[in-house]
Each structure stands twice: as C-alpha cells, then as structure tokens.
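Thanks for coming. I have one structure to go through today, and I will keep to a few parts of it. Please have a look at it first.

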Amino acid sequence: YYADRVMELPLSLFAVSLGTALLPTLTQLWSSGHKDKMLELSSYHLKLIFFVSIPCAAGIYFLAQPITQVLFERGRFQADDTETLAAVLRASAFLVLAASGVRILAPCFYVVRNTWLPALSSLLALLVHVFLAPHLMKTHGIVGLTLSSVVSAFVNLLTLYLAHLFMIGSLRSLELLWSVLKYFVCAAGMAYTISVCLPYYDQFGLVLLSRVFLLMAIITIASIVYFMLANLFRIQEAQVVYDLVVKNLKRRLGK
C-alpha cells in the first residue's frame, strides 16, 4: 500500500497527464485522415514519457531507503519496516516504465475505436500475474508479489506495442530504441551521482529535518546531472520537459 502511494506520484504527474492530453489530439488527427501525423505524435510521446520515467525509476530504485525514511519512518514505523518497504520500492521502480508506456499506447487503440485489444491485453497481464505471483512469493515474499506485478505490466506493454505495429502502424521502433538507450546512459550517470551523494545522507541524515534537506538536495543534483547529460547527447526531449516545467512554475507564481 505504501509503495503504491509513492509510485502514484510520478505516474500521476507525467504518465496520466500526457496520456490524457494525447487522446483528443490523436482523435482529431485520425478523424481528419492524418494517420502519419498521428503515428509520429504517438512515437514522440512515447519517447517523451520514457525520457521522464527512466530517471524517475532510477531515482526511486537508488533512493528507496531515504524516501521511505523521510516519508514514513516515525512512530510505529520502525527501521525493519523501512528495510521491507525499501525492498518493495526497488522492485516497484521498474513498474513506472511499463505503466507509463501503457498510458501512451492504450489511447491509440481508443482513437481507432478498438476497445477490445486493450481489454484483452490487460486480461493477459492479469493471468500472468495470477499464475506468477504465488511462485515468486514463495521465494521472495512480498517483494515477489511486486515483481509479479512488474512482469505482468511489461507483458501488457509489449502486447500493446506489438498490436500497435500490426493493427495501427509503425512507431519508428529503431529511433525509439536508440532514444531509450541514450536515456538509460543519462540515467546511469544520474545513478552514479546518487551513489556519490548517499554517504553524506547516511552520515548527516540523523534527524527528520536533515533527512528532508539532504534528500531534496540529492534529487536536485541528480536531476541537474541527468539534464546536463541529456543536453550533451543533444536529446530534444530535455528542452521540451524543461520548457514545460518553467511554464508551469511561471503559471503557479502568477507570472
């Protein structure tokens, strides 16, 4: 339950928002006969969501314990509970990637008035989860249950992606794969930065206030490194995300 609450933050901020905003635009393009532009936009949004979700997943994975300590470790929630939740969070981190991709691909089928394929894909993923969960729980406990959810989510993503290729059209797979590989390289640099900063958190994060400050500082530094590497690789999605963040900040500040 606690892990789900943490995972909802990046999913609701990025995946749900992008998927919701994408649907009316795709519908308009499809109804007006601009299928090529629709496919181009779908591929672009997949790259955009992976550009955001990959560093989110890496951040959750490598900062699982500090995140758990800052959000939950107080009162009856003790250090042993932190260790358990952190392990679940590390496994759940990969769920961000699959769930984000599904949020982009599923609306593409609704646009072409195909509602049965997403339902069938979800059913297949559910069957995989029902079969796999008991086996993984025997060896990995509650973490096994989470891993089963991750595997089923990727089954859903892969099914939707392959169905899109055969039933709707190409999503520029090679270009998408090359972009995702560059995102992973940038995320690896970000993860290395986190590993360098974590000893300072362990050393000075003795009380809640210092933990909050250090965690926010690590997240900020890691994000800067990720965007710097993205600019080094000339990843266009970095500028798009930066402009969106600045635009939202200006709107909230009333400028």
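Is Arg172 buried, partly exposed or exposed? At 40% relative accessibility, Arg172 counts as partly exposed. Before I go on, please keep in mind that this is a predicted model.

I started with that residue as a way into the salt bridges. The structure holds 3 of them. In one, the side chain of Arg172 meets that of Glu175, with N and O 3.9 Å apart. The cut-off for a salt bridge is 4 Å, so this pair counts. Glu175 is also partly exposed, at 35% relative accessibility.

Glu175 has another partner, Lys47, and here the N to O distance is 2.7 Å. Lys47 sits in helix H2, while Glu175 sits in helix H8, residues 173-204, so this salt bridge ties together parts that are 128 residues apart in sequence. Lys47 itself has a relative accessibility of 10%, so it counts as buried, the limit being under 20%. Through shared partners, Lys47, Arg172 and Glu175 become one network of salt bridges.

The salt bridge still to mention is between Arg211 and Glu73, whose closest N and O atoms are 3.6 Å apart. Arg211 belongs to helix H9, residues 208-232, and Glu73 to the loop between helix H3 and helix H4, which puts the two 138 residues apart. Arg211 is another buried residue, at 14% relative accessibility. As background, side chains of opposite charge can pair when their charged atoms come close.

Now the nonpolar side. How many residues does the largest nonpolar core have? The number is 68, and Leu46, Phe50, Phe51, Leu89 and Tyr183 are those with the most contacts inside it. Helix H2, residues 35-62, gives the largest share of this core, 12 residues. In general, nonpolar side chains in soluble globular proteins tend to be buried together.

Take Phe50 from that list. Which residues does Phe50 contact, leaving aside neighbours within four places in sequence? They are Pro55, Leu97, Gly101, Leu176, Val180 and Tyr183. Tyr183 is thus a contact of Phe50 and also one of the residues with the most contacts inside the core.

Next, a pocket. The second largest pocket has a volume of about 860 Å³. It is lined by 31 residues, and the closest to its centre are Asp4, Met7, Glu8, Leu11 and Leu95. Two or more lining residues come from each of helix H1 (2-31), H4, helix H5 (95-111) and helix H7 (142-167). H1 supplies the largest share, 10 residues. By type, the lining divides into 20 nonpolar, 7 polar and 4 charged residues.

I will finish with two serines. Ser121 is in helix H6, residues 116-140. With a relative accessible area of 1%, Ser121 is buried. Beyond four places in sequence, Ser121 is in contact with Asn156, Thr159 and Leu160.

Ser170 lies in the loop between H7 and H8. Its relative accessible area is 46%, and Ser170 is therefore partly exposed. Not counting residues up to four places away in sequence, Ser170 touches Leu39 and Leu165. Where does Ser170 stand with respect to His129? The two are 41 residues apart in sequence, and their C-alpha atoms are 29 Å apart in space.

That is what I have for today.

Technical notes. Residues numbered from 1 in each chain as written. Predicted model: local features only at pLDDT ≥ 70, side-chain atom pairs only at ≥ 80, totals over all residues. Heavy atoms only, no water. Core = buried A, V, L, I, M, F, W, Y, C linked by side-chain atoms within 4.5 Å. Buried < 20%, exposed > 50% of the residue type's maximum accessible area, 1.4 Å probe, protein only. Helix = DSSP H or I, 4+ residues; strand = E, 2+ residues; numbered from the N terminus. Contact = heavy atoms within 4.5 Å. 1 Å grid on protein atoms, 1.4 Å probe; cavity = no way out; pocket = protein on both sides within 12 Å on 5 of 7 lines; lining within 4 Å. Points joined across faces, edges and corners; volume = space filled by probe spheres on them. Nonpolar A, V, L, I, M, F, W, Y, C, P; charged D, E, K, R; others polar.
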